[in-house]
Structures are given as C-alpha cells and as structure tokens.
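Welcome to a short set of exercises on how helices pack. Take a look at the molecule below, then work through each task before reading its solution.

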Amino acid sequence: MEAAASLRSPQILYRTRGFGPRFSIFGACRMGFLSFESKPHLGFKGHIPIHLSKRGQQRLGARRSIVRASSSSFMEDSSRIAPLQLESPVGQFLSQILVNHPHLLPAAVEQQLEQLQTNREAEMNKEEPAPSGTNIVLYRRIAEVKANERKNALEEILYTLVVQKFVEADVSLAPAISQPDPSGRVDQWSSQDEKLEKLHSSEAYQMIKNHLALILGQRLGDSNSVAPISKLKVGQVYAASVMYGYFLKRVDQRFQLEKSMKILPWGSEEEESAIKQAILGESRASAPTHPEASSWSSSGFNHEGIGNGMKSSRLRSYVMSFDSDTLQRYATIRSNEAFNIIDKHNEALFGRPEIVFTPEGTIDSSKDELIKISFAGLRRLILEAVTFGSFLWDVESYVDSRYHFVTN
C-alpha cells in the first residue's frame, strides 16, 4: 500500500487528461524522453497556438538540453545494472523506476500487467469487420502490430524483474564483453561467487558445483590462470548455463515441496542409497542421458560418471529417478518470451556472433574472436548464468499468475 501510494505521488507522476489511473504510470514514462521542436511556434490540434518570446525560446532550448542530458545519463545508469538496453516505452519506464526508485517497481509492474490485460481483452472482444478486401488486411495487420507490442512489453517486464532480483541480492551483472583493458583481459569485474552461491538451496548448489566441474574440469580450482577462449563458445556456455539454471530451479522447487510433504520417491536413507547405487551402475554400463551429464565421457572425467568434483546428491538422485518424458518436459523453456530474453541478454553480453559454416557443414572456427579470461572469471560468468535462469523461472511463474501467457 505504501509503495502504491508513493507511486501516485505528484513528484513522480503526472495525470494525463482524459485517462484513468491505469494510464498515469504509463504517462510518466514519457517524461524523461520528451523531444521539443526547434520552431518558435508550437501548435496542437484543439489548443490555442503558443507563441514564444526570444527569452522563452532560449529557456526552451536550455530545457531541451537538460532533457537530452537526463536521458543520456539514465541510459548510462541502466547500462551499469544490466547489459541489455530496453526499447519499448514500458521497458524504458520500468528501467527508470528500477534505477531511481527500486522500491516502487512491484507496484509499477502490477499496473503495467493490468494494462496489458485490459488491452488484450479489448482486442479479443473487438469484432472483426466484414471481409472487404483492403480493410480486413489492414485490420489484421494493426492487430498483429498491437500483439507484437504487447509481447515486447511483456518480455521487457520479465527482464526488468530478473534484473531487480540481482539488484536486491546486491549482485552486479557482468557488463557487455567488448574491448579488453590494457592487460588484454575482459573479466575485470569483482568476484561475487559467495553472494551467488547463497541464492540457491544447498541441494541445488551441489548440482551447480557438478555443472561447474563438467565445464571447467581440472581448472575448477584454478583462479589465477588466464587463457584465450573463443568468444562464441563462452557465449554458448553462458546460454546453456542459463537454461540449466531454469531447469534446476524448476526441479528443485518440486523437490523441496515433496521433501516438506515427505513424499519423495525414497522413504528412507536405505532406499535413497539403493537408488544411488543403481544410478551409478547404469552410468558405468551405458552413456548417461541426463542433460547435466552430457560430457561425462569427455577427457578429465573418470568412467564412474562422478569425477573431478562430480558428487552425488539427494537432488541429483531425485532428478535421475525421472522418466525420459518428465525430464524432457522439465528441461524445456515454457514460453517464447523467456527464450527470447535469454537470446537477447546473451547477445547484449557477447554481441552478435558471425557464424560461418564450412562446406562440410561444420562451424569455421578460424573466424572466431578470442578473448582472454581467467578461469575465476569464467566460473563467475557460469554462476551468474545459472542464477539468471533460476530467477527467470521465478519471474515467469509470478507474471503468468497475473497475466497468463505460458502455454500448457
């Protein structure tokens, strides 16, 4: 209630004439992005023309400079929070709220979701005109444009909420990886591994350590070494880790619920131990199908399936008890909006890769851009990516409960 009351404060909002309270926040998003015509005569339809004196023109020019400087400053501030710059009016407004008034963001998001729901219902209830050639084509095109605008706004609401969770945890997202510093390294950000670890349950973090062991191998404990690595491959690892974090939070949520209700697949420690032994025997006999274990047979891992830091855990035993259909369902991103966020965030962080294929159909690695990054920096990126995916699951579920968009 306090947040909602503060959000309606005249210091932040202005009332748009002819619109209800739902539009007041949306109206406020335009305040930092106004543009003024340079002509001294300003006219508005239905209003009396305004003629400005020379002094008035000078004041208007000064105000225009202030607004431009304010907009530029806001973009710089938001880029420090997250690499992806939001483009829709809703996204820009929520970014501004997150930077300047983070405590007001939940109320702002609620109002934007209400407005999206109102717009969607109005569009669905609107009667389609009778077929008449050009009119029906134009009508459908307008409806398509509006649907895309709602979709983009929804994606940027989701992204803002994910970033907000990092802000609340006092964790800074890695900036866009571009030109290295004079030393040639790109990972000059501070280590926040301890903060990131605390954002996961103990069972989930054990799985994350296994994920790190699969990727880094014997370099897991190496914090000082720096190596040139393909920027494309680092981006692929980051995206895969985001999706792994999404999957992990989904199964951990179910695991914690069944654990609290005491309905786990095993009823005692003896049964749990028996399941672990069965899983271990299967991993020796055949290649594992679990997404976490796709690289067990690569160099650096022993043939027992658990090596180089790979340890068994209750959550892992629980996941390995899933049938293939359940596992596939839990490993799938539920909405196109969430998938697009992963793609856009990854591109903002690593840039758009130039992928060239050889005549044999493989990727031509000769054009890969190499970046120098320490293994500690790579570990930090992977932890951040897993946490991003975990937050994305939470945010997607929260928004879907208020504005249904996830398909069954």
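The exercises below deal with helices in this predicted model.

**Exercise 1.** Find how far helix H9 reaches from its first C-alpha to its last, and compare that with the span expected at 1.5 Å a residue.

Solution. Start with the limits: H9 covers residues 231-261, which is 31 residues. Next, take the reach from the first C-alpha to the last, 45 Å. Finally, set this beside the expected span, also given as 45 Å; the two values are close.

**Exercise 2.** Describe what happens at the two ends of H9.

Solution. Begin at the start of the helix, where a side-chain oxygen of Ser230 comes to within 3.3 Å of the backbone nitrogen of Leu232. Then move to the other end: just after H9, Lys262 has a positive phi of about 60°.

**Exercise 3.** Work out how helix H8 is oriented relative to H9, and which residues make the contact.

Solution. A useful reminder: two packed helices are described by the angle between their axes and the distance between the axes. Here H8 (residues 202-216) and H9 pack at about 155°, with axes 10 Å apart. Angles over 145 degrees count as roughly antiparallel, so H8 is roughly antiparallel to H9. Their crossing is right-handed. From H8, the contact uses Glu203, Ala204, Met207, Ile208, His211 and Ile215. The residues from H9 include Val237, Tyr244, Leu248 and Phe255. Sorted by class, this contact holds 8 nonpolar, 3 polar and 3 charged residues.

**Exercise 4.** Decide how H9 lies against H14, using their angle.

Solution. First read off the geometry: the angle is about 45°, and the axes are 7 Å apart. That angle makes H9 oblique to H14. H9 passes H14 in a right-handed crossing. The contact of H9 with H14 has 14 nonpolar, 5 polar and 5 charged residues.

**Exercise 5.** Describe helix H6, then its packing with H14.

Solution. Look at H6 alone to begin with: its 35 residues reach 51 Å from first C-alpha to last, close to the expected 51 Å. H6 is followed by Asp170, which has a positive phi near 60°. Now add the partner. H6 (residues 134-168) and H14 (residues 375-400) pack at about 125°, with their axes 9 Å apart. That makes H6 oblique to H14. The crossing of H6 and H14 is right-handed. Leu154, Leu158, Tyr159, Leu161, Val162, Lys165 and Phe166 of H6 take part in the contact. Their partners in H14 include Phe388, Phe391, Leu392 and Val395. By class, the contact of H6 with H14 has 12 nonpolar, 1 polar and 4 charged residues.

Note on methods
Residues are numbered from 1 along each chain as its sequence is written. This is a predicted model: local features need pLDDT of at least 70, side-chain atom pairs count only at pLDDT 80 or more; totals for chains, interfaces and linings use all residues. Side-chain values use heavy atoms; hydrogens and water are left out. Axes are lines fitted to C-alpha atoms, for helices over the stretch in contact, and angles run from 0 to 180 degrees between N-to-C directions. Helices (H or I, at least four residues) and strands (E, at least two) are DSSP runs, numbered from the N terminus. Angles under 35 degrees count as roughly parallel, over 145 as roughly antiparallel, 65 to 115 as roughly perpendicular and the rest as oblique. A crossing is left-handed if the near helix is turned anticlockwise from the far one by less than a right angle, and right-handed if clockwise. Contact means heavy atoms within 4.5 Å. Ala, Val, Leu, Ile, Met, Phe, Trp, Tyr, Cys and Pro count as nonpolar, Asp, Glu, Lys and Arg as charged, and the others, Gly among them, as polar. The expected span of a helix is 1.5 Å times one less than its number of residues. A polar contact is a pair of N or O atoms within 3.5 Å; within protein, one must be able to donate a hydrogen and the other to accept it, and residues adjacent in sequence count only if both atoms are side-chain atoms.
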